[in-house]
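Q: I'm new to this one and could use a guide. Could you take a close look at how the strands pair up, and then show me what else turns up along the way?

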Amino acid sequence: MNNEQIKVLLVEDNQVDLRFVHEMLSESRREKFVLRYVDRLQHALDLLIKEQFDVMLLDLQLPDAYGLSALIGVQALAPNLPIVVRSEVNDEQLAIDAVHSGAQDYIVKGEESSPLLMKALRYAIERKRIEQSLAYFAHYDPLTDLPNRELFRERLNRAQERTKRSGYMIALMFLDLDHFKDINDTLGHDAGDQLLKFAAQRLKHCVRTEDTIARLGGDEFTIILEQIEHKKDAAHIAQKIVDEMSKPFLLNDKDVFVTMSIGIAMYTEGDQSSEELIKHADMALYAAKAKGRSNYQFFEAKMNTLITERMAMVKNLKLALERNEFVLHYQPQVDLSINQLVGVEALLRWQHPEMGLMQPNNFIPLLEETGLIIPVGEWVLHTACQQSCIWLDAGLPRIRISVNLSAKQFRQLQLANTVKKTLDETGMDPEHLHLEVTESFLLSNVAETIFILNELNDLGVHISLDDFGTGYSSLNYLHRYPFASLKIDQSFVKGVTCNSKSAAIISAIISLAHNLGLKVVAEGVEYHEQLPALLNMKCDEAQGYIFGVPLSSATCETMFKNIFKQNSKFYIRKP
Ligand SMILES: Nc1nc2c(ncn2[C@@H]2O[C@H](COP(=O)(O)O[C@H]3[C@@H](O)[C@H](n4cnc5c(=O)[nH]c(N)nc54)O[C@@H]3COP(=O)(O)O)[C@@H](O)[C@H]2O)c(=O)[nH]1
């Protein structure tokens, strides 16, 4: 609508009424009402095809249309046009019915005044605008402009009806961005929103315009593919989506790699209800995630068992903390120049009542997904600090302990308070606590990240950059963060003696870290010949199976007592 000018289409066959309306609208001082007039519904419809109007004044007693049929005809052609019905006194009930059928207002002929008519037209325009935005929000996701859950359900029901008649199949896809939470946690919510918009665009390019793509919430999308003849056609589209999504997304001026997992349920001629179909697609999605993500899976009946197992795992994880089933194992870290034990890394294990000792890669992703990583992470921090004090009480020197922080813990508002409380409660010396964070933490909200790291640094704890080389490896901004040390990822260390590129990278990382005043720890050292190579490059410390696998606190205590008896010198397995 133009504020200065309102284009009104009057549909009225009575010349007296026409003049009357014209006079009333000419009195306006606020805006200019531009009046067009026709005396037949058909003429109005012809004009609406050619011209845009802001509002229509419609008489319901026309020579070629009577009553609600006139209104329905206009709505079918111009669903967005606000309509004010003008009725005779004796037709008032009809006018009310018209409002119930979608007209924005009605006025009774003879009872109207100039201000009343103008107000009715203005309000009709405003009301229609509000109705349209409400209708939009009820059916669309404003972030991606895709249909929302409501519209998806409606379209799925309609597609199922059509399929009963057509004999084709429907492929219902459930899609989910892998590790989307990490993007939000590390790059911030604006980048997360941007990613969802980009992903929606890419999905549109993978399907036909008549297929429905919907966003159910978060990073969950669905696609309804109709008129599918063969299952392999759905497989082909799913693979296209997986491939498209694995291309980099430009977020915060960086190439970010994300993948998508897809679950597919096929529907043939009324064989499942929409609820069952949705449940099956969701189960297939879960199976795709469990298969390592970035793939698609079709629903199979045996998947029910898989889901039940996952649900049982989540339930057991929730109880594991109360039941004291988590344990920490400790892996030695050795100063390479003097061959002496200098610290340990605390690594989480789950002593599962039936499955035995479980490694973190099998349950940490679930802890992250369920948010349980926050209380479990606090438990890890507390137990590790307590252990250092227990070893001190047992006559050993104070042993430095490294604890891994997950991105979720890191973004917690109270992290510094939690660490401070733990130090106070356990009596741990902050100097001997190292907190390990990974590179992905550094990418989002640099100011907030620096603030959190500085808060931790101010407590006197050391901060170590873990898995260096596996992520974004932005050497440029390392100096902006208060790191005390940097751990070179085991994938590089593996090649230190046999791959000249790995060796060159390690050497460069060490020299850069030293220039920035950081110590360097090599992770995953397994072979004897790796030690002199690392020492030559002036690597400060190392950790790996060559010195020992992660061990229980009791085994470590015995080992450490022996070590400290021999001037802390570490025994190294000879090849
Ligand atoms: N947020 C938290 N993450 C945690 C916690 N505890 C562990 N983790 C993370 O889980 C990942 C797997 O850990 P794990 O199975 O314990 O593996 C560690 C070592 O056992 C392994 N390692 C050590 N030396 C060697 C070696 O010589 N060869 C070899 N193949 N593997 C070796 O490396 C893992 C140590 O990783 P890092 O933390 O990067 O130093 C792992 O990512 C843990 O971080 C927890 O409490 N919270």
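A: Let's begin with what pairing means here: two strands count as a pair if DSSP finds at least two bridges between them. One thing to keep in mind throughout is that this is a predicted model.

Start with β24, which covers residues 519–522. Two bridges link β24 to β25, a strand made of residues 541–543, and the two run parallel. If you'd like a spot to look at, find Ala522, which sits opposite Ala542 in β25. Strand β24 also pairs with β23, residues 485–488, through four bridges, and that pairing is parallel too. There, Ser485 faces Lys519 in β24.

Now hop to the sheet with the order β2-β1-β3-β6-β7. This one is an open sheet of five strands, with parallel pairing. At its edges you'll find β2 (32–38) and β7 (105–108); each has a single partner strand, so one side of each has no neighbour in the sheet. Ignoring direction, neighbouring strands here are turned by 25 degrees against each other on average. For a closer look, take β1, residues 5–11, which pairs with β2 in the parallel sense over seven bridges. Within that pair, Lys7 stands opposite Val34 in β2.

Another open sheet also has five strands, this time in the order β11-β12-β10-β15-β16, and its pairing is mixed. Its edge strands are β11 (212–217) and β16 (296–298), and each of them pairs on one side only. From one strand to the next, the twist averages 20 degrees. What does "mixed" leave room for? In general, strands of a sheet pair through backbone hydrogen bonds, either parallel or antiparallel. The pair to zoom in on is β15, residues 260–268, and β16: three bridges join them, and they run parallel. Ile262 is the residue to click on, as it stands opposite Tyr296 in β16.

That's the strands, so here is what else turns up. First, a pocket: the second largest one has a volume of about 310 Å³. Its lining has 17 residues, and those nearest the centre are Gln52, Phe53, Asn80, Leu81 and Pro82. Helices α2 (41–50) and α5 (114–139) each supply at least two residues of that lining, and α5 gives the most, with four residues. By type, the lining splits into 10 nonpolar, three polar and four charged residues.

Next, the ligand. It is surrounded by 24 residues, and the closest are Glu345, Arg349, Asp467, Glu523 and Glu526. Glu345 has an N or O atom in its side chain 2.7 Å from an oxygen atom of the ligand. For Gln331, a side-chain N or O atom is 2.9 Å from a nitrogen atom of the ligand. Lys487 joins in as well, with a polar side-chain atom 3.2 Å from an oxygen atom of the ligand. That brings us back to where we started, since strand β23 spans residues 485–488 and is joined to β24 by those four bridges.

Key. Residues numbered from 1 in each chain as written. Predicted model: local features only at pLDDT ≥ 70, side-chain atom pairs only at ≥ 80, totals over all residues. Heavy atoms only, no water. Axes fitted to C-alpha atoms, helices over the stretch in contact; angles between N-to-C directions. 1 Å grid on protein atoms, 1.4 Å probe; cavity = no way out; pocket = protein on both sides within 12 Å on 5 of 7 lines; lining within 4 Å. Points joined across faces, edges and corners; volume = space filled by probe spheres on them. Nonpolar A, V, L, I, M, F, W, Y, C, P; charged D, E, K, R; others polar. Near = heavy atom within 4 Å. Polar contact = N/O pair within 3.5 Å; in protein donor to acceptor, adjacent residues only side chain to side chain.
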